[in-house]
Structures are given as structure tokens and as C-alpha cells.
Amino acid sequence: MGYIPEHMLENLKNYKYRGADKSLVSRFVLNPFWNWLVTLWPLSVAPNTITLTGLSIVFFNFATLLYYDPLYLVERDGYSDPPRWVYFSWGVGLFVYQSLDAIDGKQARRTGMAGPLGEMFDHGCDALNTTLECILASRALGLGRSWWTVASQIATLANFYLTTWEEYHTGILYLGYFSGPVEGILMIVAIYFITGAYGPQVWENRIWTTLHLENVPYISRLPNIPLNEAFMVFGAVGLGFNIITSYINVLRATRQSHAKGGNNNLTARHDSNYPPLLLLLPFVVSTAIQVAWLSHPEFNHSWILHSASFVPFMCAWGLQFAHQVGRMILAHVTGTGFPVWDWVWVWSLLGAVDANLPSLLGRAPVFQTSTRNTAIFVWVTLAISLLTYARFVTLVINDITNYLGIACFTVRKKDERGVWRRVGEEKVL
């Protein structure tokens with residue numbers, strides 16, 4: 001047909017979503033709210049339309065950042081702080097996004113539109129939101145153009161990759177007692193509200209001083225780092241914990257599969273030639289490419305990091321990541337091999353190699369001979385990444401909707417004659 005081969009499309013009919021949510025906040029606090037919220041949406045509204053509405057709100061929040069702080073300069077750089085209401089709007093917008101993202105599946109079951117297309121679309125929107133919120137949250141924390149923002153991007157994308165990698169190998173989307181989609185988002189919402197109330201400068205306060213623990217024995221021996229850096233350390237610890245729990249879940253699923261003689265559905269669909277741990281390397285490689293490019297011409301004097309090209313660079317990185325995990329999710333719902341390589345990395349790899357030619361071959365870069373040329377290269381990379389991801393999304397949606405006979409943004413299905421009708425009508429006619 002288009003992007004997805006015929007033999008992969010045939011597996012879509014065997015796909016069934018499986019999830020495990022251990023979050024106490026989700027189960028006992030938010031889920032009752034979500035169950036009420038979904039009833040406010042008419043049955044004529046498609047679940048993917050709800051998801052896209054939430055992402056559109058995030059796009060609006062990002063647009064306010066570009067309007068009030070187009071250069072991504074924080075107060076310590078001598079730039080005036082955006083209006084406080086902007087941070088509050090980010091908090092409200094992110095909470096609304098979380099709520100709409102949570103009820104799209106409920107709406108799908110209400111309308112009879114549940115299926116692999118919904119999971120593909122939901123995860124795609126989540127992947128885009130991950131980078132956008134990382135940029136917004138780093139601005140609210142006063143990190144701005146810094147390696148801390150880059151570290152935040154790496155940790156955030158790594159958590160998303162881990163969850164997708166875990167779901168691919170186990171067939172289950174796990175949400176632990178503390179997960180990014182629930183507690184992680186609520187923490188960022190709180191950060192936005194605190195910044196709105198006190199300004200980004202509040203995160204420059206020292207953690208033990210703020211908690212009045214700087215004179216407490218043992219604690220006083222620990223580094224009294226700023227609150228924003230402490231939040232980064234907390235994120236690193238959380239990432240380490242998620243790596244361990246994800247690996248345990250994958251290891252358990254692999255052992256159960258082998259114990260059953262490799263004849264269960266999971267093994268039949270995911271008979272990868274690579275050990276599960278080895279399939280974490282694609283993320284490591286893609287991240288290394290981005291960091292290598294950012295380090296030009298020197299790690300502490302990056303032309304991209306300390307220029308207006310930083311946000312476009314982060315967006316290009318995020319789009320390439322969305323393409324990467326999108327192919328992973330597609331492999332999951334179609335029961336095919338894990339996508340080890342993604343050709344969209346080639347352009348960033350070219351940028352990284354060109355930027356590091358002085359270290360690699362002892363000669364000057366071919367393209368990035370000045371900050372202006374580097375900026376042009378970054379913007380071209382952003383354009384290529386956007387077009388590549390847009391093409392992927394469009395082709396995949398078209399292939400799945402045509403094959404399964406289920407619309408993406410309307411509550412319609414194909415009847416036995418292949419005519420599109422609203423859900424319910426195809427049974428009556």
C-alpha cells in the first residue's frame with residue numbers, strides 16, 4: 001500500500017492493547033476525575049480528535065514561549081522575565097493535556113473506535129509533547145541555554161524510550177507507582193505554578209537552605225546545590241530506577257516466553273535477533289550524535305548551545321526522536337522486528353561529523369565554518385526532521401485507516417461494501 005508492507009498490516013487485526021497502572025494517584029485521584037471528564041464529550045467526537053486538541057494546547061504554550069522569549073534567554077543572561085501569567089498558562093495547559101491524553105482511550109471504548117491506530121496516534125503526540133515540555137520546564141526552572149537543559153532532554157527522552165522498549169518486549173504498557181505520564185507531569189505542573197508565583201529566580205535558591213537543613217548533621221556534608229540542579233539530580237535517580245524496573249519486566253517476560261517454548265504470542269511477534277539490552281543502543285547512538293554536534297567547537301563554548309539556534313536544534317532532535325519511537329510503536333502493533341537504525345539520523349550525523357572535523361581529521365569544517373553557517377545547518381535539519389516525521393505520520397495513518405476501515409479524526413468505519421459510515425450506521429444499513 002503505502003508505508004506499511006502488506007504482511008505487517010495483516011498483524012494489526014491481532015493487536016490488543018494491554019496496560020498495567022500501579023500509580024496510586026492515577027487510580028484513586030485522577031481516574032475518577034477522568035471518568036467524569038470523558039462523559040462531557042459527545043459520542044460524535046473521535047478519540048484522536050481529543051488527543052490532538054490536547055497537543056494543540058501544548059503548541060499554544062510553546063508559541064507563548066517563542067513570543068515572549070524567542071532567544072531562550074533567562075534572567076541571569078540579562079533578559080526580562082516573561083509575564084507571570086505565561087507560566088500559569090503552561091501549568092493549566094499541561095494539566096489539560098494530561099487529562100485529554102488520559103480520556104482518549106476511554107472515548108475510544110465508548111465509541112467503539114479502540115485499536116492500534118489510537119495507540120500510534122497517542123504515543124506520537126506524547127513523543128512530541130515530551131520535547132516541548134522539556135524546553136518549557138527548563139525555561140521555568142531558569143536553566144535556559146545550558147547543558148542542564150540538554151541533560152533534561154536526554155533524561156526525559158530516555159524515560160520515554162525505555163517505556164516504549166519495555167512495551168515492545170513485554171506487550172504491556174507499564175506505569176509504575178511513580179511514572180512520567182502521571183506524577184512526572186504533575187510535578188512539572190507544580191513547577192510552572194511555583195514559577196508563576198515567585199519567578200524563575202526561586203529555583204536558584206539552595207536546596208538545604210530552602211529546607212532549613214543546612215546545619216543538620218550529615219545533610220550539611222552534602223552539596224548545597226540550587227533547587228533547579230537538585231531537580232535534575234532527582235530526575236537522574238528516577239531514570240536509574242526506571243532502567244532497573246523496565247529491565248526486570250523485560251527479563252521476566254523473556255523468561256516466561258522461553259519457559260513456554262517460545263510459542264506464545266509475544267515471542268511469535270517479537271522474535272528479535274538481538275538481546276533486549278542491546279536494543280537500548282539505538283537511543284544511546286542517536287543521543288551521542290546530538291551531543292557530539294552540540295559540542296562544536298568546544299564543549300564549554302558550543303556555537304549552538306549559546307545561540308538562538310538552540311531551541312530549533314532541540315526541536316529537530318525531538319522530531320527525530322518522535323520518528324524513532326514512532327517506528328518502534330509501529331513494530332509493536334504490527335508484531336515485526338525492532339527498528340535498529342533510523343535514516344533520519346543521517347543529517348544530524350553529517351552535522352556532527354562536519355562540526356568535529358578539526359578533532360577527527362585536523363581540518364576545518366566544510367559547512368559549519370561560522371556561527372551563521374551553523375545556524376543555517378540547524379534550521380535545515382529542523383525542516384528535514386519535520387518533513388520526515390510529517391510524511392511518516394501521514395503515510396501510517398492512511399495505511400491503517402484504509403486497511404482497518406476505521407477513520408482517524410471522525411467516528412466512522414467502513415461497511416461491508418467499503419463505504420465510510422458513522423459508527424452504528426454500518427450495522428443498521
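The legends below describe close-up views of a predicted model. Residues are numbered from 1 along each chain as its sequence is written, and side-chain values use heavy atoms, with hydrogens and water left out. Because the model is predicted, local features need pLDDT of at least 70 and side-chain atom pairs count only at pLDDT 80 or more, whereas totals for chains, interfaces and linings use all residues.

**View 1. Helices α11 and α13 cross obliquely.** The axes of helix α11 (residues 281-294) and helix α13 (residues 345-355) come within 8 Å of each other and cross at roughly 45°, which makes α11 oblique to α13. Helices (H or I, at least four residues) and strands (E, at least two) are DSSP runs numbered from the N terminus; axes are lines fitted to C-alpha atoms, for helices over the stretch in contact, with angles from 0 to 180 degrees between N-to-C directions. Angles under 35 degrees count as roughly parallel, over 145 as roughly antiparallel, 65 to 115 as roughly perpendicular and the rest as oblique. The crossing of α11 with α13 is left-handed, that is, the near helix is turned anticlockwise from the far one by less than a right angle, clockwise being right-handed. Among the residues in contact (heavy atoms within 4.5 Å) are Ile289 and Trp293 of α11 and Leu349 and Ala352 of α13. The contact comprises 8 nonpolar, 4 polar and no charged residues, where Ala, Val, Leu, Ile, Met, Phe, Trp, Tyr, Cys and Pro count as nonpolar, Asp, Glu, Lys and Arg as charged, and the others, Gly among them, as polar.

**View 2. Helices α5 and α6 pack roughly antiparallel.** With their axes 8 Å apart, α5 and helix α6 (residues 147-170) pack at an angle of about 160°, which makes α5 roughly antiparallel to α6. Their crossing is right-handed, and the residues that meet include His123, Asp126 and Thr130 in α5 and Gln153, Thr156 and Phe160 in α6. This contact of α5 with α6 has 4 nonpolar, 8 polar and 3 charged residues.

**View 3. The structure holds 2 cavities of 30 Å³ or more.** On a 1 Å grid over the protein atoms alone, a cavity is a set of points where a 1.4 Å probe fits but cannot get out, a pocket is an open set with protein on both sides within 12 Å along at least five of seven lines, and lining residues have an atom within 4 Å of a point. Grid points are joined across faces, edges and corners, and a volume is the space filled by probe spheres set on the points. The largest cavity, of about 50 Å³, is lined by residues including Asn48, Met113, Leu117 and Ile406. The second largest cavity, of about 40 Å³, has Phe283, Gln290, Trp317 and Trp345 among its lining residues, and 4 nonpolar, 5 polar and no charged residues in that lining.

**View 4. The second largest pocket has a volume of about 560 Å³.** Of its 28 lining residues, Leu55, Phe59, Leu128, Leu319 and Tyr389 are the closest to its centre. The largest share of the lining, 10 residues, comes from α15, and the lining divides into 23 nonpolar, 5 polar and no charged residues.

**View 5. A cis peptide bond joins His296 and Pro297.** Omega for this bond is about -10°, and Pro297 lies in strand β3 (residues 297-298).
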